[in-house]
Amino acid sequence: MKKIMGSSFEKYRTPEVARMERRLFLKQGLSLGALTMLTGCAITEEEGVQKVLSRMSGWNDDVQAKLFSANRLAPEFPESRITNPFPFNAYYSEEEVIDVDGGKYKLELGGMIKERKPWTLPELYALPQVSQITRHICVEGWSAIGKWTGVRFSDFLQRVGADTTAKYVGFQCLDDYSTSIDMATALHPQTLLTFKFADQLLPPKYGFPMKLRMPTKLGFKNPKHIASIFVTNEYPGGYWEDKGYNWFSGS
Amino acid sequence: MAPEMTKVHPLIVRIAHWLNALAVLIMISSGWRIYNSDPLFDFSFPDQVTLGGWLAGALQWHFAAMWLFVLNGIVYVSYGILSGHFRRKLLPISPLAILRDVASALRGKLAHDDLSVYNAAQRAAYLALILLLIVLVLTGLVLWKPVQFYWYGQFMGDYEGARFLHFFAMAGVGFIVVVHVAMVALVPRTFPSMFTGRIRRSA
């Protein structure tokens with residue numbers, strides 16, 4: 001009955017294809033024998049419509065930030081509810097998952113952080129860790145429950161002397177993915193820098209060596225294969241966000 | 001001599017009707033595109049009848065038009081309750097009267113002497129439409145913010161339950177809209193009245 005989870009053909013559509021399709025939709029919908037006129041105006045009209053939609057998406061970011069509560073916790077589930085197998089999802093296919101050499105790996109820190117020395121994996125693993133069984137909700141609609149283990153991100157930010165009054169935390173990933181989040185979500189008690197999935201070392205397809213897990217945000221906001229973390233007041237955007245997905249994307 | 005005209009729709013109802021028609025058209029056509037990215041059932045909507053071009057575009061339309069839909073809905077429902085418009089136009093209503101009027105409508109014998117008074121089938125359809133649209137807002141809130149509104153998502157089977165309810169409510173709205181448009185086509189003099197607010201007393 002259900003399609004294979006995590007097949008994200010929709011996401012592969014570029015905005016250009018989308019624009020062309022939308023123009024077709026508008027033409028089909030509005031054509032009252034004025035098709036020739038429309039072809040002439042379509043481009044400027046398109047830009048106007050897109051501007052309004054982008055502005056509304058920005059307004060929705062503000063509304064979501066207000067709805068977000070620093071204390072409200074996402075539901076946690078019993079082990080029996082864990083989804084197995086947990087779906088793979090990325091902007092590329094599962095065969096293209098990158099292989100990271102854990103021995104050479106170092107997590108880089110940047111921006112408004114006092115102690116920017118890079119962290120090796122053994123150093124990170126030595127930090128106190130917690131586990132959570134939470135639900136991952138994809139922007140496509142499907143959801144899946146998994147178990148992640150790692151360091152509370154707020155503890156980590158404090159430990160490295162991050163300026164937590166800054167607006168954004170940005171992530172650059174080894175698979176050329178990127179994303180950014182608001183500081184309030186970064187400090188949420190369920191936001192974890194995770195090294196384990198289902199009690200095992202995070203496998204490559206789920207983001208080895210680490211994934212930032214936030215049950216209060218949609219799946220694509222949870223970066224995998226993190227290379228560097230930076231704190232900033234300048235809006236960093238992100239891979240999907242720059243293509244038109246809503247930036248805050250809170251749950 | 002000019003035909004005798006009677007007032008049927010107050011200005012606020014006409015404005016709310018057309019804003020709602022636009023908002024619902026955007027919500028449904030973009031919603032179909034969102035549905036297509038992870039179909040609940042064994043079918044997808046043809047891309048040509050969806051809005052947004054791709055998932056991100058559809059989401060932008062959906063979450064922009066929701067403000068028009070909800071704000072317009074709040075104005076309309078508040079007016080309907082406070083002014084007595086709903087009570088005058090939609091009540092009383094009984095299951096027996098609905099069955100009777102639906103049956104005579106199906107036989108093509110539904111009386112339309114006074115178009116300022118709704119028959120029981122119309123009352124039922126308009127009431128059901130208002131309720132379904134409210135259900136769409138309530139389930140939509142859980143889909144949009146399943147964590148922040150988790151507590152009341154429990155009344156509708158949490159996030160996954162809300163997805164199905166949201167879909168079924170949409171299907172109900174779609175059905176009523178199709179019947180509604182078909183009835184307008186059958187009794188065309190009702191159409192201009194949704195702009196002018198007036199209608200000839202009889203055909």
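User: Happy to dig in! In what order do the strands of the open sheet of five strands in chain A run?

Analyst: Good place to start, keeping in mind that this is a predicted model. The sheet is open and its pairing is mixed. Strand E2 (119-120) and strand E6 (178-182) of chain A are its edge strands, each pairing on one side only. Reading across from one edge to the other, the order is E2-E1-E10-E5-E6.

User: How do strand E5 and strand E10 of chain A run, parallel or antiparallel?

Analyst: Strand E5 of chain A covers residues 168-173, and strand E10 of chain A covers residues 226-232. Six bridges join the two. One place to look is Gly170(A), which stands opposite Phe230(A) in E10(A). The direction of this pair is antiparallel.

User: Zooming out, what share of the contacts in chain A between residues at least 6 apart in sequence join residues at least 24 apart?

Analyst: Some background on the chain helps here: chain A has six helices and ten strands. Of its 251 residues, 38% are buried. For the contacts you ask about, the share joining residues at least 24 apart is 70%.

User: Now the other partner, please. Which helix of chain B gives the largest share of the side that touches chain A?

Analyst: The contact takes 36 residues from chain A and 29 residues from chain B. On the chain B side, helix H1 (11-36), helix H2 (55-82) and helix H7 (158-186) each supply at least two residues. By class, that side has 15 nonpolar, eight polar and six charged residues. The largest share, eight residues, comes from H2(B).

User: Why is H5(B) called roughly antiparallel to H7(B)?

Analyst: Helix H5 of chain B spans residues 120-144, and its axis lies 8 Å from that of H7(B). The two pack at an angle of about 150°. Angles over 145 degrees count as roughly antiparallel. H5(B) is therefore, relative to H7(B), roughly antiparallel.

User: What is the handedness of that crossing, left-handed or right-handed?

Analyst: The helices in question are H5(B) and H7(B), whose axes are 8 Å apart. Where H5(B) passes H7(B), the crossing is left-handed.

User: And how many nonpolar residues does the contact of H5(B) with H7(B) have?

Analyst: From H5(B), the residues that meet H7(B) include Ala125(B), Leu129(B), Leu132(B) and Leu136(B). Among those they meet in H7(B) are Leu165(B), Ala169(B), Val173(B) and Ile176(B). The contact also has five polar residues and one charged residue. The nonpolar count is 17.

Technical notes: Residues numbered from 1 in each chain as written. Chains lettered and ligands numbered in written order. Predicted model: local features only at pLDDT ≥ 70, side-chain atom pairs only at ≥ 80, totals over all residues. Helix = DSSP H or I, 4+ residues; strand = E, 2+ residues; numbered from the N terminus. Buried ≥ 20, exposed ≤ 12 C-beta atoms within 10 Å, placed from the backbone. Contact = placed C-beta atoms within 7 Å. Pairing = 2+ DSSP bridges. Nonpolar A, V, L, I, M, F, W, Y, C, P; charged D, E, K, R; others polar. Axes fitted to C-alpha atoms, helices over the stretch in contact; angles between N-to-C directions. Parallel < 35°, antiparallel > 145°, perpendicular 65-115°, else oblique. Left-handed = near helix turned anticlockwise from the far one by under 90°.
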